[in-house]
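Please look over the model shown here and work through its rings, charges and nonpolar groupings.

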Amino acid sequence: HVIPNNVISQLKELFKANYITYWIDEDGIYSGDAFVKVIAENIKSSTLLLFVSSEHSNKSKWTCKEIALADRCGKTVIPLRIDNSPYNDSLDFLLSDVDYTDYPNNPSMAMSKLLFAIQNVLKKEDPERYEWKNQLTVVCREIEEENEKLTDAENKVFEYEKTIESYRNLIDKYEVRIAGLKQQELDLKRSLGLI
(Lines give C-alpha, C1' and ligand atoms only; values in the text may rest on other atoms or scores of the structure.)
Protein backbone atom coordinates (compact mmCIF):
# COMPACT_ATOMS: atom_id res chain seq x y z
CA HIS A 1 0.00 0.00 0.00
CA VAL A 2 1.20 3.50 -0.79
CA ILE A 3 1.12 5.57 2.39
CA PRO A 4 2.80 8.99 2.49
CA ASN A 5 6.44 8.63 3.55
CA ASN A 6 6.36 4.84 3.67
CA VAL A 7 8.85 2.74 1.72
CA ILE A 8 6.63 2.43 -1.35
CA SER A 9 6.10 6.20 -1.60
CA GLN A 10 9.88 6.67 -1.18
CA LEU A 11 10.47 4.19 -4.01
CA LYS A 12 8.03 6.06 -6.24
CA GLU A 13 9.85 9.32 -5.53
CA LEU A 14 13.21 7.66 -6.24
CA PHE A 15 11.92 6.30 -9.56
CA LYS A 16 10.33 9.61 -10.53
CA ALA A 17 13.51 11.57 -9.72
CA ASN A 18 15.55 9.19 -11.87
CA TYR A 19 13.04 8.77 -14.73
CA ILE A 20 12.58 5.06 -14.06
CA THR A 21 9.24 3.81 -15.32
CA TYR A 22 7.42 1.28 -13.17
CA TRP A 23 4.10 -0.42 -12.64
CA ILE A 24 2.38 -1.06 -9.32
CA ASP A 25 -1.22 -1.97 -8.61
CA GLU A 26 -1.76 0.95 -6.24
CA ASP A 27 -5.52 0.98 -6.17
CA GLY A 28 -6.22 -2.76 -6.20
CA ILE A 29 -8.74 -2.18 -8.99
CA TYR A 30 -8.12 -5.50 -10.71
CA SER A 31 -9.84 -8.68 -9.61
CA GLY A 32 -10.19 -12.28 -10.74
CA ASP A 33 -8.81 -13.10 -14.18
CA ALA A 34 -8.13 -9.43 -14.97
CA PHE A 35 -5.85 -9.23 -11.94
CA VAL A 36 -3.80 -12.25 -13.02
CA LYS A 37 -3.61 -11.09 -16.64
CA VAL A 38 -2.55 -7.55 -15.78
CA ILE A 39 0.18 -8.74 -13.40
CA ALA A 40 1.48 -11.33 -15.87
CA GLU A 41 1.54 -8.80 -18.73
CA ASN A 42 3.40 -6.26 -16.64
CA ILE A 43 5.98 -8.78 -15.44
CA LYS A 44 6.56 -10.05 -18.98
CA SER A 45 6.94 -6.56 -20.43
CA SER A 46 9.23 -5.31 -17.66
CA THR A 47 13.00 -5.27 -17.50
CA LEU A 48 13.13 -6.30 -13.85
CA LEU A 49 10.96 -7.08 -10.85
CA LEU A 50 11.53 -5.30 -7.55
CA PHE A 51 10.50 -7.61 -4.71
CA VAL A 52 9.64 -5.58 -1.60
CA SER A 53 10.24 -8.22 1.03
CA SER A 54 8.19 -7.90 4.19
CA GLU A 55 6.42 -10.19 6.62
CA HIS A 56 3.23 -9.75 4.60
CA SER A 57 4.78 -10.26 1.14
CA ASN A 58 6.62 -13.39 2.32
CA LYS A 59 3.30 -14.94 3.35
CA SER A 60 1.60 -14.09 0.05
CA LYS A 61 1.10 -16.89 -2.48
CA TRP A 62 0.81 -14.19 -5.18
CA THR A 63 4.30 -12.91 -4.41
CA CYS A 64 5.76 -16.38 -4.98
CA LYS A 65 3.89 -16.68 -8.27
CA GLU A 66 5.02 -13.24 -9.43
CA ILE A 67 8.68 -13.95 -8.64
CA ALA A 68 8.47 -17.43 -10.21
CA LEU A 69 7.00 -15.93 -13.40
CA ALA A 70 9.70 -13.24 -13.49
CA ASP A 71 12.37 -15.92 -13.03
CA ARG A 72 10.87 -18.11 -15.76
CA CYS A 73 10.75 -15.09 -18.13
CA GLY A 74 14.42 -14.36 -17.45
CA LYS A 75 13.72 -11.11 -15.61
CA THR A 76 16.12 -9.82 -13.01
CA VAL A 77 14.61 -9.91 -9.52
CA ILE A 78 15.94 -7.34 -7.05
CA PRO A 79 14.87 -7.90 -3.44
CA LEU A 80 14.50 -4.97 -1.06
CA ARG A 81 14.04 -6.18 2.52
CA ILE A 82 12.00 -3.64 4.47
CA ASP A 83 11.88 -5.72 7.66
CA ASN A 84 13.80 -8.64 9.07
CA SER A 85 11.30 -11.31 8.04
CA PRO A 86 12.94 -14.34 6.44
CA TYR A 87 11.89 -15.40 2.95
CA ASN A 88 9.35 -18.18 2.88
CA ASP A 89 10.70 -21.54 1.66
CA SER A 90 9.66 -21.05 -1.98
CA LEU A 91 11.17 -17.57 -2.16
CA ASP A 92 14.27 -18.72 -0.32
CA PHE A 93 14.78 -21.30 -3.07
CA LEU A 94 14.09 -18.84 -5.92
CA LEU A 95 16.26 -16.10 -4.42
CA SER A 96 19.00 -18.22 -2.86
CA ASP A 97 21.71 -16.75 -5.09
CA VAL A 98 20.36 -13.19 -5.24
CA ASP A 99 21.82 -10.41 -3.12
CA TYR A 100 19.25 -8.23 -1.39
CA THR A 101 19.17 -4.61 -0.27
CA ASP A 102 18.60 -4.20 3.46
CA TYR A 103 16.36 -1.20 4.19
CA PRO A 104 15.80 -1.25 7.98
CA ASN A 105 19.43 -0.76 9.04
CA ASN A 106 20.20 2.22 6.78
CA PRO A 107 17.27 3.46 4.64
CA SER A 108 19.18 6.11 2.66
CA MET A 109 22.05 3.72 1.90
CA ALA A 110 19.49 1.10 0.86
CA MET A 111 17.85 3.49 -1.59
CA SER A 112 21.23 4.41 -3.09
CA LYS A 113 22.22 0.75 -3.40
CA LEU A 114 18.85 -0.12 -4.92
CA LEU A 115 19.10 2.70 -7.47
CA PHE A 116 22.61 1.54 -8.42
CA ALA A 117 21.38 -2.06 -8.86
CA ILE A 118 18.40 -0.98 -10.98
CA GLN A 119 20.53 1.29 -13.15
CA ASN A 120 23.03 -1.51 -13.72
CA VAL A 121 20.26 -3.84 -14.92
CA LEU A 122 18.80 -1.15 -17.20
CA LYS A 123 22.25 -0.32 -18.58
CA LYS A 124 22.97 -3.98 -19.32
CA GLU A 125 19.57 -4.61 -20.95
CA ASP A 126 19.64 -1.65 -23.33
CA PRO A 127 22.81 0.46 -23.13
CA GLU A 128 21.72 2.98 -25.76
CA ARG A 129 18.34 3.61 -24.11
CA TYR A 130 20.04 3.81 -20.71
CA GLU A 131 22.41 6.47 -22.03
CA TRP A 132 19.49 8.46 -23.47
CA LYS A 133 17.74 8.25 -20.10
CA ASN A 134 20.90 9.48 -18.40
CA GLN A 135 21.06 12.40 -20.82
CA LEU A 136 17.35 13.05 -20.22
CA THR A 137 17.98 13.06 -16.46
CA VAL A 138 20.81 15.58 -16.85
CA VAL A 139 18.77 17.83 -19.17
CA CYS A 140 15.70 17.68 -16.89
CA ARG A 141 17.79 18.56 -13.83
CA GLU A 142 19.34 21.47 -15.75
CA ILE A 143 15.84 22.63 -16.73
CA GLU A 144 14.78 22.48 -13.07
CA GLU A 145 17.87 24.47 -12.03
CA GLU A 146 17.32 27.06 -14.76
CA ASN A 147 13.63 27.31 -13.84
CA GLU A 148 14.63 27.98 -10.23
CA LYS A 149 17.03 30.70 -11.41
CA LEU A 150 14.31 32.16 -13.65
CA THR A 151 11.82 32.18 -10.77
CA ASP A 152 14.42 33.85 -8.54
CA ALA A 153 15.12 36.48 -11.22
CA GLU A 154 11.38 37.09 -11.75
CA ASN A 155 10.94 37.52 -7.99
CA LYS A 156 13.81 40.03 -7.92
CA VAL A 157 12.34 41.93 -10.87
CA PHE A 158 8.98 42.00 -9.06
CA GLU A 159 10.69 43.34 -5.92
CA TYR A 160 12.61 45.93 -7.98
CA GLU A 161 9.41 46.93 -9.75
CA LYS A 162 7.74 47.43 -6.37
CA THR A 163 10.73 49.51 -5.25
CA ILE A 164 10.69 51.53 -8.48
CA GLU A 165 6.94 52.07 -8.11
CA SER A 166 7.52 53.22 -4.55
CA TYR A 167 10.16 55.72 -5.76
CA ARG A 168 7.86 56.90 -8.55
CA ASN A 169 5.19 57.58 -5.96
CA LEU A 170 7.76 59.50 -3.90
CA ILE A 171 8.77 61.50 -7.00
CA ASP A 172 5.10 62.30 -7.70
CA LYS A 173 4.65 63.35 -4.06
CA TYR A 174 7.77 65.56 -4.13
CA GLU A 175 6.74 67.12 -7.47
CA VAL A 176 3.29 67.96 -6.08
CA ARG A 177 4.88 69.34 -2.88
CA ILE A 178 7.43 71.40 -4.85
CA ALA A 179 4.69 72.74 -7.15
CA GLY A 180 2.67 73.75 -4.09
CA LEU A 181 5.70 75.44 -2.49
CA LYS A 182 6.52 77.29 -5.74
CA GLN A 183 2.93 78.54 -5.89
CA GLN A 184 3.25 79.76 -2.28
CA GLU A 185 6.53 81.45 -3.21
CA LEU A 186 4.85 83.28 -6.12
CA ASP A 187 1.89 84.26 -3.98
CA LEU A 188 4.19 85.65 -1.25
CA LYS A 189 6.33 87.54 -3.79
CA ARG A 190 3.18 89.08 -5.28
CA SER A 191 1.94 90.01 -1.82
CA LEU A 192 5.28 91.69 -1.10
CA GLY A 193 5.24 93.39 -4.48
CA LEU A 194 8.38 91.70 -5.57
CA ILE A 195 6.84 90.61 -8.82
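The questions and answers below deal with these topics in turn.

This is a predicted model, in which local features need pLDDT of at least 70 and side-chain atom pairs count only at pLDDT 80 or more, whereas totals for chains, interfaces and linings use all residues. Residues are numbered from 1 along each chain as its sequence is written, and side-chain values use heavy atoms, with hydrogens and water left out.

Q: How many aromatic pairs does the count come to?
A: Rings of Phe, Tyr and Trp (its six-membered ring) are taken as a pair if their centres lie within 6.5 Å, and planes under 30 degrees apart count as stacked, over 60 as edge-to-face and the rest as tilted. By this rule the number of aromatic pairs is two.

Q: Which class describes the pair of F15 and Y22?
A: The ring centres of F15 and Y22 are 5.4 Å apart, and their planes stand at 50 degrees. The angle of the planes therefore makes the pair tilted.

Q: How many residues apart in sequence are the parts that F51 and Y87 tie together?
A: F51 and Y87 form a tilted aromatic pair, with 5.9 Å from centre to centre and 40 degrees between the planes. Helices (H or I, at least four residues) and strands (E, at least two) are DSSP runs numbered from the N terminus. Because F51 lies in strand β1 (residues 48–53) and Y87 in the loop between β2 (76–81) and α5 (89–94), the parts tied together are apart in sequence by 36 residues.

Q: Which charged residue sits over the ring of Y87?
A: A charge sits over a ring if NZ of Lys or CZ of Arg is within 6 Å of the ring centre and within 35 degrees of the ring normal. For W62, the charged end over the ring belongs to K65, 5.0 Å from the centre. For Y87, the charged end lies 4.4 Å from the ring centre and belongs to R81.

Q: Which element gives the largest share of the largest nonpolar core?
A: A nonpolar core is a set of buried (under 20% relative accessible area, 1.4 Å probe, protein chains only) Ala, Val, Leu, Ile, Met, Phe, Trp, Tyr and Cys residues joined through side-chain atoms within 4.5 Å. The largest core has 17 residues, of which L11, L80, M111, L114 and I118 touch the most other members. The elements giving two or more residues to this core are α1 (7–17), β1, β2 and α6 (107–125). The largest share, six residues, comes from α6.

Terms used. Buried < 20%, exposed > 50% of the residue type's maximum accessible area, 1.4 Å probe, protein only.
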